[in-house]
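Here are a few exercises to work through with the model open beside you. Try each task on your own before reading the solution.

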Protein chains: 2
Amino acid sequence: MRYSCQRKLIEDILKGRKDHPTADAVYLSAREIMPNISLGTVYRNLKYLADERVIDTLETVDKRIHYDGDRTRHAHFICKKCGKIIDLFEPQELPDEIKKLGLTVSEEKCVYYGECAECKDKADKTSN
Amino acid sequence: MRYSCQRKLIEDILKGRKDHPTADAVYLSAREIMPNISLGTVYRNLKYLADERVIDTLETVDKRIHYDGDRTRHAHFICKKCGKIIDLFEPQELPDEIKKLGLTVSEEKCVYYGECAECKDKADKTSN
DNA sequence: TATAATAATGATAATCATTACTATTTATTA
DNA sequence: TAATAAATAGTAATGATTATCATTATTATA
């Protein structure tokens, strides 16, 4: 593994933020520091880092890949109204069927969709 | 909601199978019965049925939408080796944080990735 | 039942996120 | 330092999904 400054930058950007940016968002951040980094390099390295399990990916209904620099085991909640993604760190047990069916889990991707507290408040206010 | 024969066919196809086909696979099945149905119609109706919550969608690392005619609450396991998708019907509890953070969940999409029993067996045999 | 209103279709073009390609640059190794 | 290999920037290609639009089918209503 050859660590180019571009790859380092991309990893640092992702590790340094707590949200779940798409490749495009990472590209925008990267260009602030390295103005002529190319989008292809960002994609290539995000893919590379994900393959190497340095970062995680999050597949959502928006059909864009969201990247997650936090590899501690956690689930996600996505608000269908505002799009906000919330981390859920409390550990969950694996379904019993996993063991029964002889499956080996290497990755968990639990995503819950619904309405966040803020959007619920807003909805309540406007209905009065 | 106007129920065209195409929409009915697409719903029936999905309800009639236990796998998780992509739009393309549904299109192939549909053409066997209605040879000049268009791919656009298949996409349009799958989207429509998903929006109406008649069917479910499954977003995976392959970046294609998989459709699921079974709307009973269940999780999925995807084998990284053979790509097989296995339904996990045993109910799981929602993370406690959902309640604590005041979130309302309308949809759950839990996907586990790993190795299925068959692929594990094959790997064991070849290593001997 | 005929008609008006409108929703859905088939065919095709457009979109857009992601990947592949290629000449060039950069890093590593001998 | 030269040879080897990997990574980059820039750009073209890919491929799943959507949008468009003229035409057809479905539903409601007179």
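**Exercise 1.** Which oxygen of DNA strand C lies 2.9 Å from a polar side-chain atom of Gln6(B)? Remember as you look that this is a predicted model.

*Solution.* Step one: find Gln6(B) and look at its polar side-chain atoms. One of them lies 2.9 Å from a sugar or linking oxygen of DNA strand C. Step two: set this beside Asn45(B), where an N or O atom of the side chain is 3.1 Å from a phosphate oxygen of DNA strand C. Step three: turn to the other chain, where the side chain of Tyr43(A) places an N or O atom 2.5 Å from a phosphate oxygen of that strand.

**Exercise 2.** Find which residues come nearest to DNA strand C, and which elements supply the surface there.

*Solution.* Begin with the residues: there are 16 around DNA strand C, and those that come nearest are Tyr43(A), Ile65(A), Thr41(B), Arg44(B) and Lys63(B). On the DNA side, sugar and phosphate make up 71% of the strand C atoms that come within 4 Å of the protein. Now sort by element: helix 3 of chain A, and helix 1 (5–15) and helix 3 of chain B, each give at least two residues to this surface. The largest share, three residues, belongs to helix 3 of chain B.

**Exercise 3.** Now do the same for DNA strand D: which residues come nearest, and which of its atoms do the side chains of Ser4(A), Arg44(A) and Tyr43(B) approach?

*Solution.* Start with the surroundings. Around DNA strand D there are 17 residues, of which Ser4(A), Thr41(A), Arg44(A), Tyr43(B) and Ile65(B) come nearest. Of the strand D atoms within 4 Å of the protein, 74% are sugar or phosphate, and the rest belong to bases.

Next, take the contacts in turn:

- Ser4(A) has a polar side-chain atom 2.6 Å from a phosphate oxygen of DNA strand D.
- Arg44(A) brings a side-chain N or O atom to 2.5 Å from a phosphate oxygen of the strand.
- Tyr43(B) likewise has a side-chain N or O atom 2.5 Å from a phosphate oxygen of the strand.

Finally, the elements giving two or more residues to the surface near DNA strand D are helix 1 (5–16) and helix 3 (39–51) of chain A, with helix 3 (39–51) of chain B. Helix 3 of chain A gives the largest share, three residues.

**Exercise 4.** Leave the DNA and look at charge: how many salt bridges are there over all chains, and what links Asp56(A) to Arg71(A)?

*Solution.* The whole structure holds 20 salt bridges over all chains. In one, the side chains of Asp56(A) and Arg71(A) meet at 3.2 Å, N to O. Asp56(A) sits in strand 1 (residues 56–59) of chain A, while Arg71(A) is 15 residues away in the loop between strand 2 (65–68) and strand 3 (75–79).

Key
Residues are numbered from 1 along each chain as its sequence is written. Chains are lettered from A and ligands numbered from 1 in the order in which they are written. This is a predicted model: local features need pLDDT of at least 70, side-chain atom pairs count only at pLDDT 80 or more; totals for chains, interfaces and linings use all residues. Side-chain values use heavy atoms; hydrogens and water are left out. A residue is near a molecule or strand if one of its heavy atoms lies within 4 Å of it. A polar contact is a pair of N or O atoms within 3.5 Å; within protein, one must be able to donate a hydrogen and the other to accept it, and residues adjacent in sequence count only if both atoms are side-chain atoms. Helices (H or I, at least four residues) and strands (E, at least two) are DSSP runs, numbered from the N terminus. A salt bridge is a side-chain nitrogen of Lys or Arg within 4 Å of a carboxyl oxygen of Asp or Glu.
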